Amino acid sequence: MKPPIALFGGTFDPIHYGHLFSIKALMAELAITEARLLPCHKPPHRQGPLVSSQQRLAMALLAVKDMPGVIVDDRELARDSLSYTIETLIDVRNELGPNQPLCWVMGLDAFAKLDSWHRWQELLDYAHLLVMARPGAEWPKAGPVADFFQRHGTDDRQIIAAEPAGSILALNLTPFPISATAIRKQLLRGERPRQWVPETVLNFIDQFQLYRQ
Ligand code: ATP
């Protein structure tokens, strides 16, 4: 079996250290050497992002420049339809073959609403799910997502390298109390949130006057 690849989707509007530190910590924790950030082109579950897909992609590329093993995968921008994760996973699976372990990474806020995702129960046919704690998000105690975790959740970290897909692993990484929503508010107020956003990304935001009005 090949080493697992982590796939981290998001609107990245803008990308921030909550994303970047989380992926770094997850890679260290699970000995994952390749991670891909996948900017979402047309999010099915939320209002359109404030800035264009190309600009969000550009910011993601700037952010991962000095992160060994982390690349940006722009395949969702090539599809004009809504960016359903299941379609992305099928695409990656077709490209990398049936034996490549794949891990779809998400914060607990996203996992708690998983049953609203298109064909959500099929996600595990194509990847494992890695769920990271997030301040303010609660682990579901009852309902379809709790049942799903009951059936497929595991503590066995070896499984993500031993099987190509099929398990859900909850990770207790240090939570980062950061959201793109809070950062957009700061930028709108004219602030420059250096502690939350890489300088290269802030320079890009300045250059194109993003999120300022
Ligand atoms: P917004 O505030 O606009 O909703 P966001 O900060 O949640 O944005 P997204 O790009 O929507 O960022 O998130 C992409 C993925 O990253 C999601 O799975 C989300 O749960 C996860 N994520 C974002 N911020 C954090 C964080 N601080 N800690 C852990 N996971 C995070």
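## Strand pairing in the sheet

Two strands are taken to pair if DSSP finds at least two bridges between them, and strands themselves are DSSP runs of E with at least two residues, numbered from the N terminus. With that in mind, and bearing in mind that this is a predicted model, valine 131 stands opposite alanine 170, a residue of β7. The two strands concerned, β5 (residues 128–132) and β7 (residues 168–171), run parallel and are joined by four bridges.

Strand β7 also pairs with β6 (residues 153–154), again in the parallel sense, and here the pairing extends over two bridges. One of these places glycine 153 with isoleucine 168 of β7 as its bridge partner, while threonine 154 stands opposite leucine 169, which likewise belongs to β7.

## The sheet as a whole

These pairings belong to an open sheet of seven strands, in which the pairing is parallel and the order reads β3-β2-β1-β4-β5-β7-β6. Because β3 (70–72) and β6 stand at the edges and each has a single partner strand, one side of each is left without a neighbour in the sheet. In a regular strand, the side chains alternate between the two faces of the sheet.

## The loop between β1 and α1

Two backbone features deserve attention in the loop that connects β1 with α1. Phenylalanine 12, which lies in this loop, has a positive phi of about 50 degrees although it is not a glycine. Proline 14 is found in the loop as well, and the peptide bond that leads to it from aspartate 13 is cis, with omega near 5 degrees.

## The ligand and its surroundings

The ligand sits in the largest pocket of the model, where it is surrounded by 23 residues, the closest being Asp109, Arg134, Phe176, Ala180 and Thr181. By residue type, this shell divides into nine nonpolar, ten polar and four charged residues. Several elements contribute to the shell, since β1 (5–10), α1 (17–30), β4 (102–107), α4 (108–111) and α8 (180–188) each supply at least two of its residues.

## Polar contacts and burial of the ligand

Both backbone and side-chain atoms of the protein approach the ligand, as the following distances show. A nitrogen atom of the ligand is 2.7 Å from a polar backbone atom of phenylalanine 176, and an oxygen atom of the ligand lies 3.0 Å from a backbone N or O atom of glycine 107. From arginine 184, a polar side-chain atom lies 2.9 Å from an oxygen atom of the ligand. Taken alone, the ligand exposes 600 Å², and the protein buries 91% of that area.

How values were computed: Residues numbered from 1 in each chain as written. Predicted model: local features only at pLDDT ≥ 70, side-chain atom pairs only at ≥ 80, totals over all residues. Heavy atoms only, no water. Near = heavy atom within 4 Å. Polar contact = N/O pair within 3.5 Å; in protein donor to acceptor, adjacent residues only side chain to side chain. Areas by Shrake-Rupley, 256 points an atom, 1.4 Å probe, with all protein chains shown as cover. 1 Å grid on protein atoms, 1.4 Å probe; cavity = no way out; pocket = protein on both sides within 12 Å on 5 of 7 lines; lining within 4 Å. Sits in = over half its atoms within 2 Å of the grid points. Nonpolar A, V, L, I, M, F, W, Y, C, P; charged D, E, K, R; others polar.
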